[in-house]
Amino acid sequence: MARNPDHRELFSGALEMMVLHSLRWKPMHGYALVKHIQQVSGELLQIQEGSLYPALQRMLKEGWLDSKAGISAKGRPTRIYRLTTAGRRRLEQEVSSFEKMLAGITRVLAVAAH
Amino acid sequence: MRWVRQLFTRRRRYDDLSISIREHLEEKTEELMEEGLSREEATRRARKDFGNATLIEEQSREAWQWPAVESIWADVKYGLRQLRKAPGFAIAVVVTMALGIGANTAIFTLVHAVQMKSLPVSLTSGLQSENARRQTAAKPKKFAARRGRRLRAEFRSALAFVHYSGPSSARLTS
C-alpha cells in the first residue's frame, strides 16, 4: 500500500488495540484481519499489511492471543488468531487509557485560540 | 518456566508465521486476479502492498528470540569460522595473546608479592609504622631490637611489634 503523505503514523499501541478489538469480534486469520481493519477504517487509516505480523507475534508471546491451524476463505491452510482472557483484559486497559488520552487532547484543542 | 516452553515451541511458531504470510500473499494475489489483473501483475502488487516479506518475517521472529544473547552467539560462530579459514593467523593471535597474558601474570605476581600482599599478622589496626631507613647495613638486627624496645615503651597500648624487613621475613614480638 503506497504511503499517502497526508496520513500520519499511528501512535504506539494503536495497531495492537485495533487487532485485539477485531479479534474479540471474531477469530480471524492474518489476511482477514488486515482486510477487516482496512474496510472498517475506510480511507482514514493507512496500515502496511506486513506490519501486522510482528505485532501478532508480540501479542502471541504476551499470551494475549493464541493461534490454531485453520482454513482461509479461499480454502488454503493458515493460522487463525483468537483473543485469550488475558488479551481481553489487556484490550480493556488499552481502550480505557486511549480514551483518557483522547479526552485530554480534545480538551486542549477545544480551548479557543486568542 | 515460560521461556523454556517458548524455546521448544519456537520452531512451530516460525512455521506458523511462514504459513500465515504465504497464505496472506496468495489470497491477496488471487483477489487481485479476480479483479482482472494478470497473475504476474497481481503477485507484484500483493508483494508491494505487503512490504518486504523476508524482512517482516525476520522482524516477526524476533518476538521469540533473545536478541542480545543470540547476536553474541552469532558473533562467536562468525569469529570461529574466520579463524578456521586462516589457521596461520589464528595461531599467531593465540600465541601473541598467550605470551601477553603470561607476561602480565608474571609481572603482576611479582608486584603483588612485593608491594600489595598484606603483612602476615592479624589485627592490622594495632600496627604502628616505623621508618627504619636510617638503619645501618652493618647492624640491622641490633638496631631494630633497640628501636623495638624504645617503641614498646612509647606505645604501651600497641599489641605487637613487627620487625619487618621484607615479604618473607616478618618477626612478631609482643
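**Close-up views of chain A and chain B**

**Figure 1. Salt bridges cross the interface of chain B and chain A.** In this predicted model, the rule finds six salt bridges across that interface. One pair is A:Arg79 with B:Asp16, whose closest N and O atoms are 2.6 Å apart. Side chains of opposite charge can pair when their charged atoms come close.

**Figure 2. A loop of chain A meets a helix of chain B.** The view centres on A:Lys74 and B:Glu34, which form a salt bridge. Their closest N and O atoms are 2.9 Å apart. The pair crosses between chains. A:Lys74 sits in the loop between S2 and S3 of chain A, while B:Glu34 belongs to helix H1 of chain B. Over all chains, the count by this rule comes to 15 salt bridges.

**Figure 3. Three helices of chain B touch chain A.** Between the two chains, 15 residue pairs are in polar contact, both residues at pLDDT 80 or more. Helices H1 (2–34), H2 (39–50) and H3 (53–61) of chain B each supply at least two residues of the side that touches chain A. H1(B) gives the largest share of that side, 16 residues. Which class of residue makes up 12 of this side of chain B? The charged class does; seven nonpolar and six polar residues are also there.

**Figure 4. Chain B and chain A bury area between them.** The size of an interface is often given as the accessible area lost when the parts come together. Here the two chains bury about 2,500 Å² between them. Carbon and sulfur atoms hold 47% of this area. Which residues of chain B lose the most area to chain A? They are B:Glu23, B:His24 and B:Glu27, together 22% of what that side buries. In terms of contacts, 25 residues of chain B meet 25 residues of chain A.

**Figure 5. Three strands of chain A form an open sheet.** The strand order is S1-S3-S2, with antiparallel pairing. Strands S1 (28–29) and S2 (65–71) stand at the edges, each with a single partner strand, so one side of each is left without a neighbour in the sheet. Two bridges join S1(A) to S3(A), residues 77–83. On this pairing, A:His29 stands opposite A:Ile80.

**Figure 6. S2(A) and S3(A) form a hairpin.** Seven bridges join these antiparallel strands. A:Ala69 has A:Arg79 as its bridge partner in S3(A). A:Arg79 also forms the salt bridge with B:Asp16. Five residues lie between the two strands of the hairpin. In the turn, A:Gly75 has a positive phi of about 80°.

**Figure 7. Confidence varies along chain B.** The mean pLDDT of chain B is 80, and 71% of its residues reach 70 or more. Where does pLDDT stay under 50? It does so over residues 165–170 of chain B. The model has seven contacts beyond four places in sequence for this stretch. For the complex, the predictor gives an ipTM of 0.83 and a pTM of 0.62.

How values were computed
Residues are numbered from 1 along each chain as its sequence is written. Chains are lettered from A and ligands numbered from 1 in the order in which they are written. Side-chain values use heavy atoms; hydrogens and water are left out. Contact means heavy atoms within 4.5 Å. Buried area is the accessible area (1.4 Å probe) that two parts lose on being put together, summed over both. A salt bridge is a side-chain nitrogen of Lys or Arg within 4 Å of a carboxyl oxygen of Asp or Glu. A polar contact is a pair of N or O atoms within 3.5 Å; within protein, one must be able to donate a hydrogen and the other to accept it, and residues adjacent in sequence count only if both atoms are side-chain atoms. Helices (H or I, at least four residues) and strands (E, at least two) are DSSP runs, numbered from the N terminus. Ala, Val, Leu, Ile, Met, Phe, Trp, Tyr, Cys and Pro count as nonpolar, Asp, Glu, Lys and Arg as charged, and the others, Gly among them, as polar. pLDDT is the predictor's confidence in each residue, from 0 to 100. Two strands pair if DSSP finds at least two bridges between them.
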